[in-house]
Amino acid sequence: MNARHVVIAMCGIAGLLVLGGAASLDTQVLSAGSDTVFDTSREAYSQPSPMMDDANERAFARGRSLFRQSWVIAPATDRAAGLGPLFNRISCIACHARNGRGGAPDDPQASMQAMLLRLSIPGTDAHGGPKPHPAYGDQLNERGVPGVPGEGIASLLYEEHTETFADGSDITLRKPAIHLRDLAYGPLGNDILVSPRVGPAVYGLGLLEAIPDETLLALRNQPKPAGIGGRVNIVWDAINKKEAIGRFGMKANVASLTEQVANAFVGDLGITSSLRPQENCTAVQTACKQAPSGRASEYESSELSQADLFATVFYHRSLAVPARRNMQDQQVLRGQQLFRQAHCAACHVPELRTRKDTALPSLSNRLIRPYTDLLLHDMGEGLADGRPDYRATGREWRTPPLWGIGLAKKVNPNAGFLHDGRARTLLEAVMWHGGEAQASREAVRAMPTEDRAALLRYLGSI
Ligand code: HEC
Ligand code: HEC
């Protein structure tokens, strides 16, 4: 165990007890049990698990450098070669700033920046997943290496509308419409399905991966307030070559962190790995198919070595979650009550426990406070992308975890909320809730001014 972190953790708990809190609060502050860190700086999402030993610190450091570095075009002697032929950005952190979320561009001329556009056409692929567009594939890659045209540029145009609260105050919400230009491989056609997504935060994912499938199935079947359901997504697990419950991605369309990381390398950066050995060129993208590979030698089967894929996965599994803050504040306690009364907790489930048989001991049998059920919910027409993904419909999204969300703007002042970053504040995010969460939204609309402020203060504390 890393001594520095333990000391910090103990000071944090002691500090709370000195303040004279109820006995249960000293554990509630630990969002992720022993994987919690007491850091409220801009690096709050970048801390390793306090349980890490020295050998693991080296793997963590390797994963961190792979996540942060800028990749270059092959051939190059650099170990970090292999970018493209088609790609979105040159590093993982370009979309996951300091391991936190990205934001939606305000400028209607700007390209996607920390966002990407999922693409498909109606129908399914061989495993029941979305059917890629024949010329553009399953994601718009805005850039290409020299000689390989980038696929096109997407930008967002906003339509604004105002919602009014019961106390008479207003809030302006903005909804993005996608505008595409410079399409290099022909028209997309009329039946194209598009879904803009902003890079989410990536800490605490090892713990979410360690929540047992049985827990998700039990949460699905649990009785809930009227109108609230919740479904698991059943997806193709490319590692075990069978169907599995999905839990990563905004429609829970990926079963494991390893697969999610391998997909990100090839899909966002154009870096192949053992799990995704093919560059993301479609049949008509001839220059893409002929571009030189970034494999270190002809004996390597992919651009990213197996050790580096595992180091990046290890890095994600080991990123700790920030502790809760201001838990004894009266306004925060009032907000906690309101969070339950408005049925937010029916989907943003405060407490879960991880499996016992996890790869890393620090992830095993932990009481965690992620504020998610990892289930799919119909969130109404306002948030719908109309693009099905395995069993997720065009109106469903996976409940995102809320742990650490109060520090989002500290880590990245441009952080945007909801799947496409449209919400500039937490209150905007709540006021977009529809479908199964419509009654929750209306409860917030009806709240007296002080209660609304208390709810937001609570969200800021978790
Ligand atoms: C162009 C922006 C972009 C880049 C570059 C990018 N990501 Fe992401 N990342 C996203 C988006 C958007 C999502 C959500 C994807 C979805 O819903 O399908 C995501 C999701 C993830 C997730 C799953 C998070 C969750 O809660 O389910 C992980 C892990 C991840 N990315 C890791 C990486 C790694 C590793 C790299 C570099 C190899 C990377 N990303 C590069 C935009 C990006
Ligand atoms: C029916 C399930 C459900 C209920 C009830 C619900 N939410 Fe959500 N919440 C979601 C889903 C799903 C999303 C993601 C929607 C999207 O990205 O389009 C979300 C997103 C959010 C976000 C943005 C998170 C992010 O990472 O961008 C916040 C904040 C939030 N909810 C707070 C609340 C609060 C507060 C309440 C109660 C007033 C509430 N939610 C009730 C399912 C629910």
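Strands and helices in these legends are DSSP runs numbered from the N terminus, a strand being E over at least two residues and a helix H or I over at least four. Everything shown comes from a predicted model.

**View 1. Two positive phi values sit in the loop between β4 and β5 (115-124).** Arg98 is found in this loop, and so is Asn99. Arg98 has a positive phi of about 45 degrees, even though it isn't a glycine. Asn99, also a residue other than glycine, has a positive phi near 70 degrees. Are the two buried or partly exposed? Arg98 is partly exposed, at 27% relative accessible area, whereas Asn99 is buried, at 2%.

**View 2. A cis peptide bond leads into Pro85.** The bond in question runs from Gly84 to Pro85, and its omega is near 10 degrees. Look for Pro85 in the loop between β3 (81-83) and β4 (86-87).

**View 3. Ser155 is a buried residue in strand β8.** The strand covers residues 153-164. Ser155 has a relative accessibility of 1%, and because buried means under 20%, it counts as buried. Its side chain makes a polar contact of 3.3 Å with the side chain of Arg181. Setting aside neighbours within four places in sequence, Ser155 touches Pro108, Gln109 and Ala110, and also Ala177, Ile178, His179 and Arg181.

**View 4. Helix α9 spans residues 330-341.** Its 12 residues reach 17 Å from the first C-alpha to the last, close to the 16 Å expected at 1.5 Å a residue. Which residues of α9 are buried? They are Val332, Gly335, Gln336, Leu338 and Phe339. Viewed down the helix axis, these buried residues fall within an arc of 165 degrees, so they line one face of α9. At the N-terminal end, Asp329 acts as the cap, with a side-chain oxygen 2.8 Å from the backbone nitrogen of Gln331. Just after α9 comes His343, which has a positive phi of about 65 degrees.

**View 5. Phe339 and Tyr371 form an aromatic pair.** The model has 8 aromatic pairs by the rule used here. In this one the ring centres are 5.8 Å apart and the planes meet at 80 degrees; planes over 60 degrees apart count as edge-to-face, so that is what we call the pair. Phe339 belongs to helix α9, while Tyr371 is in the loop between β15 (367-368) and β16 (376-378), so the pair ties together parts 32 residues apart in sequence. Both partners are tucked away: Phe339 counts as buried at 2% relative accessibility, and Tyr371 counts as buried at 3%.

**View 6. Three aromatic residues join in one cluster.** Its members are Phe60, Phe67 and Tyr315.

**View 7. Lys251 and Arg452 each lie over an aromatic ring.** How far is Lys251 from the ring centre of Trp397? Lys251 lies over the face of Trp397, at 4.3 Å from that centre. For Arg452, the charged end sits over the ring of Phe165, 4.0 Å from the ring's centre.

Technical notes
Residues numbered from 1 in each chain as written. Chains lettered and ligands numbered in written order. Heavy atoms only, no water. Expected span 1.5 Å × (residues − 1). Buried < 20%, exposed > 50% of the residue type's maximum accessible area, 1.4 Å probe, protein only. Arc of directions from axis to C-beta. Polar contact = N/O pair within 3.5 Å; in protein donor to acceptor, adjacent residues only side chain to side chain. Phe/Tyr/Trp six-rings, centres within 6.5 Å; stacked < 30°, edge-to-face > 60°. Lys NZ or Arg CZ within 6 Å of the ring centre and 35° of its normal. Contact = heavy atoms within 4.5 Å.
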